[in-house]
Amino acid sequence: MKTSVVDSVSDLPVEKSRIGILERLHLTENTVTPESYWRSLTYFNIYRGLVAAVFFFTVVFFYGRTAFGSVVPQLFLLTCAAYFFSSLLFAWMIHKRIPTFPIQLQLQVLSDIVCLVILMYASGGIKSGLGLMLLISMTAAGLVSRGRIALFHAAAATICVLFVEFYRDLGSEAMSGDYVQSGMLSSGFFVTAWLAHTLAKYSQESAQLAARRGKDLLNMAQVNQLVIQDLSDGVLVIDGEGKVRSANTQAENYLGSVLTRPGAKLRDVSLDLAMRLERWRSHPEEKFAPLHAAVQNVSLETRFVSIGVSEPKPTVIFLRDLSRQQSAAQQIKLAALGRLTASIAHEIRNPLSSINHAAELLQEGEHAPTDARLLQIIRDNSLRLDRMVQEVLNLNRREHASPVSISPKTYLFDFIEDFSQVEHIPKTAFSLEIETDHAFLFDRTHLNQVLWNLTRNAWRHCQQQDNSIRFCFSNVPMENMLQLDIIDDGPGVDPQLQDQLFEPFFTTESQGTGLGLYIAREVCEANGGRLEYVSVAPGGQFRILLREA
C-alpha cells in the first residue's frame, strides 16, 4: 500500500515546507521497495562512477588534445574527483538502504546535473558537447524511477544549463550566442524525459500484466492439481523417454509408491503398461484388455492421450477401476430389482409360514415312512425359501455399522473355535498366520457374518484335510490398511467366472441363492473395507481389506 510522505510526518510543523515540495513532486514510496528498483539504482550509480573516472583520466593523460577541462582544468579535475567519490558514497547508501529509495534517486540525479553542468562550464560551455551527457542521465533516471518526476529532472537540468550560459556571458563583453543551442538541448531534456516516462509507464504496465497473468496461471495450475488429485481415476504423465513426470494419488494406489521416486520409468513401475504405451504409439486405434493392478487386485481400463509437439510426444495415461463401473451398474439394476423383489418377498413370506406351520403340525401325528419323508421335504424347502426371502429383503437394508477396535489374534482364535463347534469341523483343518498384531476397525456382528460365509464356502470347496483352510493376517502396501486372507486348497474359481463372483443372484450351487458374497462385500464397504477375490493357483483366496485402528 502506498503512503504519502506527508501522511507519515504530517504532525511535524518544522517539516511542512520540505514535505510540501516532496508531495508536489509525487515522491511516494512503497512500504517495501522492490529489489529490482535497488538493483537498477546500483547499475545507474556504477555508470556515474565510470563516467567520472573516464573524464578524470582523459584530462590527466590527454590534456590539450580534447575539449575536456580546456577552460578551467583544475575545476574539471576537482569536479570529477567529487563526482567519483559521491558514487562511492551512494554505493554505501544503497547497500545500507539508507535513506529511502526515492530520496537516494533524487540525490543521485541532482548530483549528476550539478557535476555535469560544472564540467560543461569548465570545458567551454555548451560547445564542449558535455551537455549531451545529461540526456543519458535523464533517460536512466526516468527508467530507474519508472517514470516518476522525470519532467522535474528535465526542468532542473534546463535551469542549470541556462544559468551556466548566463554566468559565462556575465564575464564576456559580447553575447556568446549559445542560447539557441542551450534551448535546443533543454528541449531535448524534456523530450527525453517524456519518452523515458512513457517507456517506463509501458514497461510497468507490462510487468503488472505479466504478474497478474503469472498469478492466474499459478492459480490455474493449483486448481488443476487439486482436481487431478481428487479424481477417482489414476492419472500418469509420461514423457517421450518413458519417465514418469507426474502421477496423482489414485495412480500411486493402483501401481505403488515407486511412482514418486525421482526419475522413475514406466517400465520399472509396470512393464505391461509400458508395453501397451509402445503399442499404442504405433497403433493408436488398438483396444486393450483390462489391466490387472496387483497392488489393489483390481482390473483397470487404460486410456492414452498424447500431448505436446515433441517426438515422441508426452502421453497422459488414464487408469479407471472397472469394478466401480460394475458396481454402479449393479446399483442401477438393484434399485429396480429391489422394489420388485421386496414387494414379492412380503407376499410370499406369509403363505410360506403357513405351509411350514402346517407341515410341523402334520409331523406331530403318526404317518407312514413315506408320508414322514414327504413332510420333511416340505419343511426343508420351506426353510430354504424363507432364507432366500430373508436375503432378498436384506438387499435394500444395509445395516448401520458400528466399528470397534478388534485384536486379530484373539478374534481369529475365538472365531475358529466357534466355527469348528457349530459346523462340526475339526480345528486341525485350520491354520492361522498372523504377521502383525495391529488392531483393526470393524463391526463384530458384520465381521462374523462375512467370515462365516467365506469360511463355509472354503470348507465346501477345499480338500477337507488338515490345514486345508488358512487365515493370513498381514500388512498391506496402503496407508492405514491391513488385510485378512482366507485361503483354501481347493480348485479355486474358474477364471471365466471370477468377474461375476460378487454379482447378486450369481451362484454355481444348486442350493445357493447367489447373494452371500454380494452381501458380504456390501457389509465390508459399510465398514470402510473391501472384499475381493485374489486369483492364485492352486486354491481359492478371498481378501478382506481392513482399516487400521
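Where is the place of Arg97 in the chain? Arg97 lies in the loop between H4 and H5, and the legends below present that loop and other parts of this predicted model.

**Figure 1. Overview of the chain in the predicted model.**
The chain holds 16 helices and 14 strands. It has 549 residues, of which 39% count as buried. Considering contacts between residues at least 6 apart in sequence, 65% join residues at least 24 apart.

**Figure 2. Close-up of the loop between helices H4 and H5, with Arg97 and Pro99.**
Helix H4 covers residues 73-96, and helix H5 covers residues 101-122. Arg97, in the loop between them, has a positive phi of about 60° although it is not a glycine. Its relative accessible area is 33%, so Arg97 is partly exposed. Pro99 belongs to the loop between H4 and H5 as well. The peptide bond that leads from Ile98 to Pro99 is cis, and its omega is near -10°.

**Figure 3. Close-up of helix H3, residues 35-61.**
Helix H3 consists of 27 residues. From its first C-alpha to its last it reaches 39 Å, close to the 39 Å expected at 1.5 Å a residue. Its buried residues include the aromatic side chains of Tyr37, Trp38, Phe44 and Phe55. Also buried in H3 are Leu41, Asn45, Arg48, Gly49, Val51, Ala52, Thr58 and Val59. An α-helix has 3.6 residues a turn, so residues three or four places apart point the same way. The cover over the buried residues of H3 includes helices H4, H5, H6 and H8.

**Figure 4. Close-up of Ile46 in helix H3 and Ala91.**
Ile46 is placed in helix H3. With a relative accessible area of 45%, Ile46 is partly exposed. Along the sequence, Ile46 and Ala91 are 45 residues apart. In space, the C-alpha atoms of Ile46 and Ala91 are 8.2 Å apart.

**Figure 5. Close-up of helix H7, residues 150-170, and its buried residues.**
Helix H7 has 21 residues, which at 1.5 Å a residue should span 30 Å. The C-alpha atoms at its ends are 31 Å apart, which agrees with that expectation. Among the buried residues of H7 are Ala150, Ala154, Ala156, Ala157, Val161 and Val164. His153, Thr158, Glu165 and Asp169 are buried in H7 too. These residues are covered by elements that include helix H5 (101-122), helix H6 (132-144) and helix H8 (179-230).

**Figure 6. Close-up of the packing of helix H7 with helix H8.**
The axes of H7 and H8 are 8 Å apart, and the two helices pack at an angle of about 170°. H7 and H8 are therefore roughly antiparallel to each other. The residues of the contact divide into 13 nonpolar, 4 polar and 2 charged. On the H7 side, the contact includes Ala150, Leu151, Ala154, Ala155, Ala157 and Thr158. Val161, Leu162, Glu165, Phe166 and Asp169 also take part from H7. On the H8 side stand Tyr179, Ser182, Ser186, Phe189, Phe190, Ala193, Trp194 and His197.

**Figure 7. Close-up of the crossing of helices H14 and H15.**
Helix H14 spans residues 408-423 and helix H15 spans residues 444-461. Their axes come within 11 Å and cross at roughly 55°. That angle makes H14 oblique to H15. The crossing in which H14 passes H15 is right-handed. From H14, the residues Tyr411, Leu412, Phe415, Asp418, Phe419, Val422 and Glu423 meet H15. Their partners in H15 are Arg444, Leu447, Asn448, Leu451, Trp452, Thr455 and Arg456. The contact of H14 with H15 is made up of 8 nonpolar, 2 polar and 4 charged residues.

**Figure 8. Close-up of His424 in the loop between helix H14 and strand E9.**
Strand E9 comprises residues 430-434. His424, which lies in the loop between H14 and E9, has a phi near 55°, a positive value in a residue other than glycine. With a relative accessible area of 70%, His424 is exposed.

**Figure 9. Close-up of Glu311 and Asp239.**
Glu311 is found in the loop between strand E6 (298-306) and strand E7 (315-321). Its relative accessibility is 65%, so Glu311 counts as exposed. Glu311 and Asp239 are 72 residues apart in sequence, and their C-alpha atoms are 9.8 Å apart in space.

Note on methods
Residues are numbered from 1 along each chain as its sequence is written. This is a predicted model: local features need pLDDT of at least 70, side-chain atom pairs count only at pLDDT 80 or more; totals for chains, interfaces and linings use all residues. Side-chain values use heavy atoms; hydrogens and water are left out. Axes are lines fitted to C-alpha atoms, for helices over the stretch in contact, and angles run from 0 to 180 degrees between N-to-C directions. Helices (H or I, at least four residues) and strands (E, at least two) are DSSP runs, numbered from the N terminus. Angles under 35 degrees count as roughly parallel, over 145 as roughly antiparallel, 65 to 115 as roughly perpendicular and the rest as oblique. A crossing is left-handed if the near helix is turned anticlockwise from the far one by less than a right angle, and right-handed if clockwise. Contact means heavy atoms within 4.5 Å. Ala, Val, Leu, Ile, Met, Phe, Trp, Tyr, Cys and Pro count as nonpolar, Asp, Glu, Lys and Arg as charged, and the others, Gly among them, as polar. The expected span of a helix is 1.5 Å times one less than its number of residues. Buried means under 20% relative accessible area, exposed over 50%, partly exposed in between (1.4 Å probe, protein chains only).
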